[in-house]
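Visitor: I should like a close look at a single part of this molecule. Please take one strand and explain what surrounds it.

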Amino acid sequence: MKKTLLLLLMPIASLTISFAAKRPGSTEPPGSRLSASVPLKVWYLEPADSKLADDKNGWKNDAEWLKALPLGNGFLGAMVFGDVQTERIQLNEKSLWSGSPDDGDNPEAYGALATIRQLLTAGKYREATALTNKTQVCKNAGSGFGNGAAVPYGSFQTLGDWHFDFGRASAWTDYRRELDLSSGMVRIQYKQEGIRFQRELFVSYPDRVLVLRLTADHKGSIGCSTFLDRPERFDVTVAQDGMLMSGTLDNGKGGEGMHYAVRMKVLNQGGKVAVQKGKLVLTGCDAVTLLLTAATDYRLHYPDYKGADPLSVTQEQMLQASTKGFTALKLAHVKDYATLFGKVQLRLSTVAEDTIPTNQRILANNHPEPDLHLQELYFQYGRYLLISSSRRGSLPANLQGIWSNKLQTPWNGDYHTDINVQMNYWPADVTNLAACYDPLTDLIASLVQPGSRTAAIQYHAAGWCVHPITNVWGFTAPGESASWGLHLGAGGWLCQHLWDHYLFTGDDQFLARVYPIMAQSAAF
């Protein structure tokens, strides 16, 4: 089948689009032969303020958090502020949810359907609406009207924060922080007291670890104190070379829910590491590599979501990563990431060197002409975010991808099936990121069993269904209000994604897996 790529663009001087695929008989990973011919960096000349506290109101934006640079490997996410005197790395683990499985299916629903239809036919819309809102909604608290952190529906939550104090209060110059889209790395550079400092950060998918490298151009000049915390429900244990933060979230029923663990380890070159008042204090180091791993005891498996012990998982992850060293971890990360990111190049401009900070580019766009390099950057930034928040084996990208600094994330950071989760994955196939599609497929498959129960109870129907919202606990019932929570098209729309993915890839094994899912949705 011939595939045509249709682009609607304003007149431009030149347009080059490159797609890389694995050649028959080649051992090279797809995309490895594509090099970044245009600089693809989101960069700034000022840090985000790491000292400004977040607003506890989940529905209010935090301006400095929004300035931070995002990293992720599908499982572990980080927002890097890049501040000079202090640093904050806000953390997420994709499966970290409060709440627990709950029965929201309403046995009163089916018995009222005939009456509602009769009222509508008779033109009695007010009465039909009242009965609909009484019977065609979930029982119990549902999603808490988007504020479900303390009810069984739950909420996606922040994993916490990784704090640093570098112990220098003097002025700094030559500052730059950047997110390199071609390598999936963040770099911060500045001069202070005549010393050039650099931080490099990435989150590795192969090794499941966040890596932070601190270096300077003067030996023995690296020192800092560091610790982990979160807004609630955490305990910290500090050892000579690392730290463990762990806890249990609220299950929404007055008991304990999901367990989580975060491990941090210090690998210092020169200098000393000491424990002081719950913090690790580093002094006189030549260079430092810090590793962080995180996990929960969740697995996507209805109705038993209990997975492996996060203490054991993070311990094994840390053991494996800490034996490799910074260089080996970095090479493995870049090779893995570039295999995906390098599959597509988009060239609209003739920019050879990006000399304008990204925030200035945004402000100047369309004055007087559109900034074509900004459009290149924006296109690739979207691909970067999908790679960072949707990798094989992880949950799919949620309403905020993988990044949230709240306990009560807006709309619970869940999966809105009335357009939002679909929007996350519209670019996957057409921008050569089919490998990022698996988490969405896994989520849809996990909804068949609870959705079959909902179909039977709510409608006395065969097959399976899901309404406008779902979470990691298999919620398929309607929402708390019929005006937004009742539509029945979500299952079909999700299955359209499965069918389109098959048409795009021609993968018969994929079709064999998803055909029963689509057939049962059609039965409903």
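Guide: A residue is called buried when its relative accessible area is under 20%, exposed when that value is over 50%, and partly exposed in between. By this rule D297, at 6% relative accessibility, counts as buried. The model shown is predicted, and the same vocabulary will serve for the part chosen here, strand 9.

Strand 9 comprises residues 195–204. Nine of its ten residues are buried, and the strand is therefore largely enclosed by the rest of the structure. What pairs with it?

Consider first strand 8, which covers residues 185–192. Strand 8 and strand 9 run antiparallel and are joined over seven bridges. One of these contacts sets V186 opposite L201 of strand 9. The two strands form a hairpin with two residues between them, and E193 in the turn has a positive phi of about 55°.

Strand 10, residues 209–216, is another partner. Its pairing with strand 9 is also antiparallel and extends over eight bridges. Here Q198 has T215 of strand 10 as its bridge partner. This second hairpin has four residues between the strands, and R208 takes a positive phi near 55°.

In a regular strand the side chains alternate between the two faces of the sheet. It is therefore useful to turn from the backbone pairing to the side chains.

Side chains of opposite charge can pair when their charged atoms come close. E200 forms a salt bridge with R187, with 3.9 Å between the closest N and O atoms. Since E200 belongs to strand 9 and R187 to strand 8, this pair ties together parts that are 13 residues apart in sequence. Both E200 and R187 are buried; for R187 the relative accessibility is 18%. R187 also forms a salt bridge with D180, where the closest N and O atoms are 3.3 Å apart. D180 is likewise buried, because its relative accessible area is 11%. These residues belong to a network of salt bridges that links K41, R176, E178, D180, R187, E200 and K330. The structure as a whole holds 28 salt bridges.

Aromatic side chains complete the picture. Ring pairs join W172, Y175, Y190 and F197 into a cluster. A search of the whole structure finds 21 aromatic pairs. Another of them involves Y205: its ring centre is 6.2 Å from that of F75, and the planes meet at 25°, so the pair is stacked. This contact links distant parts of the chain, for F75 lies in the loop between strand 3 (69–72) and strand 4 (76–80), while Y205 lies in the loop between strand 9 and strand 10, 130 residues apart. Both F75 and Y205 are buried.

The ring of Y205 has charged company as well. R208 lies over its face, 4.5 Å from the ring centre. The charged end of R391 also sits over the ring of Y205, at 3.9 Å from its centre.

To gather the account together: strand 9 is largely enclosed, since nine of its ten residues are buried. It pairs with strand 8 over seven bridges and with strand 10 over eight. E200 joins it to R187 through a salt bridge, and the loop that leads on to strand 10 holds Y205, whose ring is stacked with that of F75.

How values were computed:
Residues are numbered from 1 along each chain as its sequence is written. This is a predicted model: local features need pLDDT of at least 70, side-chain atom pairs count only at pLDDT 80 or more; totals for chains, interfaces and linings use all residues. Side-chain values use heavy atoms; hydrogens and water are left out. Rings of Phe, Tyr and Trp (its six-membered ring) pair if their centres lie within 6.5 Å; planes under 30 degrees apart count as stacked, over 60 as edge-to-face and the rest as tilted. Buried means under 20% relative accessible area, exposed over 50%, partly exposed in between (1.4 Å probe, protein chains only). A charge sits over a ring if NZ of Lys or CZ of Arg is within 6 Å of the ring centre and within 35 degrees of the ring normal. Two strands pair if DSSP finds at least two bridges between them. A salt bridge is a side-chain nitrogen of Lys or Arg within 4 Å of a carboxyl oxygen of Asp or Glu.
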